[in-house]
Amino acid sequence: DGFDPDVNTDHFIEQIPSYFVHGIRAFTIGLQGGSMGYEGAVNSAFNADGSLRDGYLQRVRRVIQAADANGCGIILSCLYQRQHSHLRALGSRASIHTAITNAAQWVASEGFNNVVLEIANEFAHAGYANWPEGEWLRSIEGQVELIQTAKAAVPDLIVSTSGMGGGEMFEPVAMAGDFTVIHFNNTEVDAIPGRIEASKAYGKPVVCNEDDKVGPIGAEAARVSITSGAGWGYMHSAKNQHAPFEFDGRDDDPDVYDMLARLTTPGF
């Protein structure tokens with residue numbers, strides 16, 4: 001009740017300079033949002049046929065431009081497992097392909113050069129089983145096909161898709177993408193170097209863009225990931241991702257952000 005998506009966007013954009021100063025160099029923005037802390041939210045930049053919704057894209061455009069002005073990139077994620085069974089849900093394989101094509105072409109038409117595309121968040125997630133094309137969408141073959149769809153639409157666009165919280169990736173998906181995206185939510189800190197080393201075998205840059213560890217443990221996960229040669233992405237679910245969505249820069253988690261500042265500042 002009373003939620004204003006434009007005001008929410010304002011609050012986030014206001015804190016981008018603080019996040020940058022404390023080591024952040026990219027943000028993941030979901031065209032179908034994320035887990036808001038409750039089920040049933042209708043949150044999608046797509047109509048059911050895969051066409052794009054202008055109001056949603058206006059907010060995404062503002063974030064991309066603000067990130068660029070502050071020296072940051074955007075990982076633009078297209079599909080999220082909870083966005084099903086509502087009027088805007090993508091109900092067919094054709095509409096999913098159309099959505100991916102339209103998202104890629106929108107990035108190109110806007111002339112953004114700080115954006116890479118993520119096809120799906122945690123593509124093997126059981127939540128996709130609720131989609132009409134869930135079995136295909138959760139498959140290795142389906143993800144390779146969608147990566148190829150995005151690349152066919154915009155050959156120069158950098159494209160990938162993300163794996164599950166155990167920090168592992170399937171070789172055909174990794175080879176189809178331009179970089180390897182893994183998650184560490186369910187990965188113990190001492191297992192992180194091994195997961196990164198395994199992903200390096202595919203010969204692509206490695207990015208963890210989701211880890212929900214907070215406080216000192218989160219800071220250590222960031223240190224281990226970055227010193228092992230991978231990007232590390234922080235997911236502070238309770239603070240940033242669950243309603244009412246709070247963005248306070250460093251004050252979100254001083255332990256994590258002070259560590260990120262130290263890791264990304266020469267001579268710190």
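Here is a short chat about reading a few features of a predicted model.

Colleague: Let's start with the sheet. What order do the strands have, and what pairing?

Modeller: For a sheet, you list the strands and check how neighbours run. This predicted model has an open sheet of 4 strands, ordered S1-S2-S3-S4, with parallel pairing. S1 and strand S4 (159-160) are the edge strands, as each pairs on one side only.

Colleague: How many bridges join strand S2 and strand S3?

Modeller: Strand S2 (residues 73-79) and strand S3 (residues 115-120) pair in the parallel sense over 5 bridges. To find one by eye, start at isoleucine 75: its bridge partner in S3 is valine 116.

Colleague: And which strands does helix H5 lie across?

Modeller: Helix H5 (residues 140-153) lies across S2, S3 and S4, and runs at about 150 degrees to S3.

Colleague: Now a single residue. Is histidine 22 buried or exposed?

Modeller: You go by the relative accessible area, and under 20% counts as buried. Histidine 22 has 15%, so it is buried. You'll find histidine 22 in the loop between helix H1 (5-21) and strand S1 (26-30). Leaving out residues up to four places away in sequence, histidine 22 touches Arg250, Tyr257, Asp258, Leu260 and Ala261.

Colleague: Last one: how many cavities of 30 Å³ or more are there, and which residues line the largest cavity?

Modeller: The count is 1 cavity of 30 Å³ or more. About 50 Å³ of space lies in the largest cavity. Its lining is Gly34, Met36, Tyr38, Glu39, Gly40, Ala41, Arg82 and Gln83. Sorted by class, that lining has 3 nonpolar, 3 polar and 2 charged residues.

Technical notes
Residues are numbered from 1 along each chain as its sequence is written. This is a predicted model: local features need pLDDT of at least 70, side-chain atom pairs count only at pLDDT 80 or more; totals for chains, interfaces and linings use all residues. Side-chain values use heavy atoms; hydrogens and water are left out. Helices (H or I, at least four residues) and strands (E, at least two) are DSSP runs, numbered from the N terminus. Buried means under 20% relative accessible area, exposed over 50%, partly exposed in between (1.4 Å probe, protein chains only). Contact means heavy atoms within 4.5 Å. On a 1 Å grid over the protein atoms alone, a cavity is a set of points where a 1.4 Å probe fits but cannot get out, and a pocket is an open set with protein on both sides within 12 Å along at least five of seven lines; lining residues have an atom within 4 Å of a point. Grid points are joined across faces, edges and corners, and a volume is the space filled by probe spheres set on the points. Ala, Val, Leu, Ile, Met, Phe, Trp, Tyr, Cys and Pro count as nonpolar, Asp, Glu, Lys and Arg as charged, and the others, Gly among them, as polar. Two strands pair if DSSP finds at least two bridges between them. Axes are lines fitted to C-alpha atoms, for helices over the stretch in contact, and angles run from 0 to 180 degrees between N-to-C directions.
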